[in-house]
Each structure stands twice: as C-alpha cells, then as structure tokens.
Amino acid sequence: MYVGSALSTQGITLERHILEQQLAIPGATGDFTGLFQQIALAAKVINSRVRSAGLAGILGLTGEKNVQGEEVQKLDEFANNVLIRSVEAGGHLCVMASEENEGIVRIPEQFPTGKYVLMFDPLDGSSNIDVDINIGTIFSIHRRITVGRHGTEADCLQRGASQVAAGYVIYGSSTVLVYSMGESVHGFTLDPAVGEFFLSHENIRIPKKGKIYSVNEGNSLLWPAGLRRWITDMQTPKPNGDGTMGTPYSARYVGSLVADFHRTLLKGGVFAYPADKKSPQGKLRLLYEAAPMAFLCEAAGGAASTGTGRILDVAPTSLHQRVPLYIGSAEDVAAAERFLREE
Ligand code: AHG
Ligand code: MN
Ligand code: MN
C-alpha cells in the first residue's frame with residue numbers, strides 16, 4: 001500500500017509528537033498522551049458531525065439557553081457531550097468545566113480520577129454553524145491544586161500562566177489541531193483517509209508585527225476614544241522612510257475566535273474583543289477562550305493582553321467570567337495597550 005500521502009511531514013502523528021515532547025518535560029508520566037488522544041478522538045467525532053450537520057438534522061437551535069444566556073445550538077450540545085464522554089473515563093482528570101455547563105463537571109463515581117483539570121469551549125463560533133463558516137473547539141489543561149478523589153472549582157480557578165497545556169481544533173477547509181505545552185506550538189492536520197492527525201505546522205512562530213487587524217467594528221460607537229484612535233492608526237498609511245508610503249492594515253473578521261486567532265497566529269497581526277459600554281468586561285470567557293489562546297500565543301512568541309495587563313496573570317474568580325482580549329503579534333498588542341492608555 002502506498003503510504004507516502006499518509007506519512008506527510010515524515011508521518012509524525014499527534015500521539016508520537018506528544019510522547020516526544022513529554023520526554024523533554026521532567027516528571028512527565030505519559031498521562032498527557034492518553035488525555036490528548038481522547039481529546040483528538042472527540043475532535044474527530046465532532047469534525048465528522050460538523051461536516052454533515054446539514055444532513056444529520058443537527059443544524060439550528062435546541063430552543064434552550066445556556067448559562068451565558070445564549071441560544072444553545074444542537075451542535076454545541078453534541079460537541080459538549082462528545083468531549084465529556086471521550087475524557088471522563090480515562091482516569092486523567094479530577095474535574096472539568098465547560099462553556100455549556102453552569103457549574104463544574106464531576107467525574108462519574110464509576111471512573112478513576114487523575115491529576116489534571118480540563119476546561120473547554122466545545123464549539124466556538126456557534127453563530128457560524130448554520131452558514132458553514134469555520135468553527136472550532138478550544139481546550140485548557142491545568143494540574144490540580146487540591147487533594148481528594150474529586151477536584152473542585154478551586155482547581156479550575158487558576159491563572160492562565162499555570163496551564164500545563166492548551167490547544168484548539170479548527171473545523172475549516174481542513175481540520176487542524178494546534179497545541180502547546182508551553183515551550184513551542186505545533187499544528188496537526190487530520191488526514192480523513194487515515195483518521196489520524198499528522199504534523200503539518202511544526203514550531204509555529206507568530207511574526208513580531210503584522211498587517212491585519214480583526215475586531216467587530218459594529219461595536220465602534222461603544223468604544224472608548226483611545227480604541228478608536230488605535231484602529232484609525234492602523235488604517236492610516238505610514239511613510240516607509242524612503243520617500244514612499246506604506247499600506248494600511250487589512251481588516252479581517254470571521255466571528256469565530258478559533259478562526260480569527262488561527263489566522264493571526266499564522267500570519268501575524270492582532271485580534272481584539274474589547275470591553276465597551278455594552279460589555280464592560282468584553283465578551284470572551286477567560287478560562288476556556290482567552291487563557292488557552294493567550295498560552296498558545298505567548299508560546300509562539302506573541303502577546304495577549306486585557307488591554308491593561310497580561311491575560312495569563314488574571315486571577316479568575318468565577319468559571320464563566322469574561323475578559324477583554326487583545327492578542328497576536330507582540331508589537332501590535334503593545335500598540336493597542338499604548339493607545340488605550342492615552343484616554
Ligand atoms: P461561542 O460560539 O463559543 O459562544 O463563541 C463565540 C465568540 C467567539 O468565537 C467570537 O470571537 C465572538 O463570539 C464573536 O462575537 P461577535 O459576534 O459579538 O463579534
Ligand atoms: Mn467560544
Ligand atoms: Mn462555544
């Protein structure tokens with residue numbers, strides 16, 4: 001059987017890559033590999049449903065609202081159940097938290113518990129499901145800080161800086177899983193013919209500065225003056241220093257954090273979901289959206305800020321708390337912070 005196509009990038013599967021990465025981490029016990037394999041399995045199942053949602057009668061709304069007060073899409077609920085079922089029996093976790101569950105998600109009594117905490121947004125970008133625009137899954141992994149069979153909410157309310165790993169899956173033109181254990185960031189593309197994720201983006205580094213900004217400008221009348229001045233600055237051509245004029249930034253906004261962040265990570269630039277008069281803490285959730293993306297961005301050489309401080313330093317006080325987010329190329333995030341200071 002010709003395996004060339006299946007062994008792209010020397011055929012390094014996600015499992016083998018995690019094993020190799022773990023060898024470099026003192027005290028790593030191989031628990032990670034099992035947990036990542038279960039997350040990858042969930043991603044494959046969600047991926048297959050996303051690709052045929054229109055046929056499987058799971059487009060649209062369930063008619064319920066989640067703890068965020070948002071309409072729950074059938075695919076949100078499906079993805080949430082798949083993720084929980086895929087990891088709950090593995091013995092790696094002591095507790096979970098999900099965007100779709102108001103409180104912590106306990107490990108059922110019949111299963112062993114372990115030393116890790118998993119928090120996730122099972123389906124990010126739900127408003128894009130029915131119009132076939134990229135959506136994703138975001139996950140964050142901490143080591144527990146309490147003792148006893150079950151973890152507690154305290155195990156979930158840890159600063160983003162103490163994550164041991166984070167990642168996302170983007171269900172786009174191809175299905176890509178991106179993860180980091182803190183030192184480097186790697187992407188794996190699902191080969192549907194084989195059902196395996198193969199290394200496709202080794203050691204992703206975000207450019208120091210980009211030429212794309214990504215923000216929902218529909219909210220601009222609610223923005224503080226400094227924020228408007230920042231956006232105008234990026235829209236203004238600057239001299240190149242040789243007598244010619246540069247070009248302004250381009251604007252790109254998908255409306256799925258995973259898609260807007262994935263483009264920012266690979267091409268550089270900046271994504272922002274600012275605080276404004278309508279959402280004084282912004283819209284994105286700290287524990288399972290901003291913090292995992294910030295962990296990945298910093299590991300790739302970028303930056304992630306609330307506008308006034310590092311996302312990874314925010315001490316969480318509740319599972320679903322929101323936080324303003326400015327994330328991407330270090331120089332672009334620093335510029336945003338500068339303009340926001342100049343109220
Ligand atoms: P979710 O679908 O998990 O609720 O997340 C949606 C988020 C995020 O994906 C995206 O960046 C943001 O909502 C878009 O919000 P607006 O539609 O207000 O721009
Ligand atoms: Mn989301
Ligand atoms: Mn979601």
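"Buried" here means that under 20% of a residue's relative accessible area is left, "exposed" means over 50%, and "partly exposed" is anything in between (1.4 Å probe, protein chains only). This is a predicted model, in which local features need pLDDT of at least 70 and side-chain atom pairs count only at pLDDT 80 or more, while totals for chains, interfaces and linings use all residues. Residues are numbered from 1 along each chain as its sequence is written, chains are lettered from A and ligands numbered from 1 in the order in which they are written, and side-chain values use heavy atoms, leaving out hydrogens and water.

**View 1. The manganese ion (ligand 2) is held by D121, D124 and E289.** Look for the OD atoms of D121 and D124 and the OE atom of E289, which sit 1.9 to 2.1 Å from the ion. They count as donors (N, O and S atoms within 2.8 Å of the metal, or 3.2 Å for Na, K and Ca; water is not among the atoms, so a site may look incomplete). Now find these donor residues along the sequence, where the spacing reads D-x2-D-x164-E. D121 and D124 are both buried.

**View 2. The manganese ion (ligand 3) shares D121 with the manganese ion (ligand 2).** The donors of ligand 3 are E99 through OE, D121 through OD and L123 through its O atom, at 2.0 to 2.2 Å. Their pattern in the sequence is E-x21-D-x1-L. Put both ions in the picture and you'll see a gap of 3.7 Å, with D121 coordinating the two of them. D121 counts as buried because its relative accessible area is 0%. L123 is buried too, because its value is 1%.

**View 3. Helix α1 (residues 14-23) packs against helix α2 (residues 31-51).** (Helices are DSSP runs of H or I with at least four residues, strands are runs of E with at least two, and both are numbered from the N terminus.) The axes of α1 and α2 come within 9 Å of each other and cross at roughly 155 degrees. (Axes are lines fitted to C-alpha atoms, for helices over the stretch in contact, and angles run from 0 to 180 degrees between N-to-C directions.) That makes α1 and α2 roughly antiparallel. (Under 35 degrees is roughly parallel, over 145 roughly antiparallel, 65 to 115 roughly perpendicular, and the rest oblique.) On the α1 side, the residues that meet α2 are L14, E15, I18, L19 and Q22. On the α2 side, look for D31, F32, T33, F36, Q37 and A40.

**View 4. Helix α5 (residues 225-235) and helix α8 (residues 330-341) make another packed pair.** Here the axes of α5 and α8 are 7 Å apart, and the angle is about 140 degrees. So α5 and α8 count as oblique to each other. α5 brings G226, L227, R229, W230 and D233 to the contact. α8 answers with D332, A335, A336, F339 and L340.

**View 5. Helix α6 (residues 257-267) is largely enclosed by the rest of the structure, because nine of its eleven residues are buried.** Which residues of α6 are buried? They are L257, V258, A259, D260, F261, H262, R263, T264 and L265. Right after α6 comes G268, whose phi is positive, near 90 degrees.

**View 6. C297 sits in helix α7 (residues 286-299).** C297 counts as buried because its relative accessibility is 0%. Who are its neighbours from farther along the chain? Leaving out residues up to four places away in sequence, C297 touches I206, F261, G302, A303, I327 and G328 (contact means heavy atoms within 4.5 Å). F261 should look familiar, as it is one of the buried residues of α6. The chain also brings I204 into this view: its C-alpha atom is 9.6 Å from that of C297, although the two residues are 93 apart along the chain.

**View 7. D132 and N203 have positive phi values, although D132 is not a glycine and neither is N203.** Most residues other than glycine have a negative phi. D132, with a phi of about 60 degrees, belongs to the loop between β4 (116-124) and β5 (135-143). Is D132 buried or exposed? It is exposed, because its relative accessibility is 71%. N203 has a phi of about 50 degrees and lies in the loop between β9 (196-201) and β10 (212-214). Because its relative accessibility is 40%, N203 counts as partly exposed.
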